[in-house]
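Student: I would like a close look at one part of this structure, with the charged side chains and their pairings set out carefully. Please take me through that part step by step, and place it within the chain as a whole.

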Amino acid sequence: MSKGKALCCGGDQVKALPFILSEIKRLNRDIEKEHSKIIEEKQKAEDSDDHRDIITSNVVGFITGTTQDLTCDTGFVEFKNLTAKQSALQCNITGTNGYMTVCSAPDPRDMIWENATVERKFIKIKNLQCDGLLFTGTLFWYIVVSAV
């Protein structure tokens with residue numbers, strides 16, 4: 001193997017295995033340096049976020065419906081054939097009705113992935129709030145229109 005030139009065109013002749021092992025060690029050291037830099041930057045960012053007020057973070061979590069621990073009650077399963085998919089859709093695994101809702105997943109391009117971890121009860125609360133707001137707006141609009 002030639003060291004220093006492309007495609008064995010000149011350069012110093014070296015044994016391939018020791019050269020490749022030394023290159024792997026060198027690249028691993030470079031990777032460790034970059035990894036350390038990334039960890040340090042992440043730690044700096046987390047330290048700067050630590051002084052945020054707990055109340056503010058709770059309010060933001062309530063408004064967005066997400067928490068720090070990114071758990072959710074939504075899951076996606078990909079099947080290799082349509083027979084397995086249809087079997088899963090028609091199967092009641094738990095034995096109790098309403099425990100687990102099984103339905104076809106939407107197209108990935110139609111998903112808003114930031115909302116995938118929002119809990120279902122939070123979505124229902126927000127839907128109820130919007131329905132109440134629309135009803136109130138319609139009621140007041142009815143009063144304005146009937147007065148004219």
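Tutor: What follows is a look at the salt bridges of helix α1, set within an outline of the chain. The model is predicted, and its chain contains four helices and two strands, which follow one another along the sequence in the pattern β-β-α-α-α-α. Of the 148 residues in the chain, 5% count as buried, and the surface that the chain exposes comes to about 13,500 Å², with carbon and sulfur atoms supplying 62% of it. Among the contacts in the chain with a separation of 6 or more, 49% are accounted for by residues 24 or more positions apart.

Turning to the charged side chains, the structure holds four salt bridges, and among them are those made by R26. One joins the side chains of R26 and E23, with an N to O distance of 2.8 Å, and both of these residues lie in helix α1, which covers residues 16-50, where they sit three residues apart, about one turn of the helix. R26 also forms a salt bridge with D30, for which the closest N and O atoms are 3.4 Å apart; because D30 and R26 are four residues apart in helix α1, about one helical turn separates them.

As for how these side chains meet the surface, R26 has a relative accessibility of 35% and therefore counts as partly exposed. E23, at 26% relative accessibility, is likewise partly exposed, and D30 is partly exposed with a relative accessible area of 31%.

A further salt bridge in the helix is the one in which the side chains of K37 and E34 meet, at 3.6 Å from N to O. Since K37 and E34 are three residues apart in helix α1, they too are separated by about one helical turn. K37 has a relative accessible area of 49%, which makes it partly exposed, and E34, with a relative accessibility of 44%, also counts as partly exposed. Salt bridges that share partners join E23, R26 and D30 into one network.

A nonpolar part of the surface can be set beside this charged one. F135, L139, F140, Y142 and I143 make a nonpolar surface patch of about 580 Å². Of these residues, F135 has its place in helix α4, which spans residues 120-147, and F135 counts as exposed because its relative accessibility is 57%, where the cut-off for exposed is over 50%.

Methods. Residues numbered from 1 in each chain as written. Predicted model: local features only at pLDDT ≥ 70, side-chain atom pairs only at ≥ 80, totals over all residues. Heavy atoms only, no water. Patch = residues over 30% accessible without salt bridge, like charges linked within 9 Å, V, L, I, M, F, W, Y side chains within 5 Å. Areas by Shrake-Rupley, 256 points an atom, 1.4 Å probe, with all protein chains shown as cover. Buried < 20%, exposed > 50% of the residue type's maximum accessible area, 1.4 Å probe, protein only. Contact = heavy atoms within 4.5 Å.
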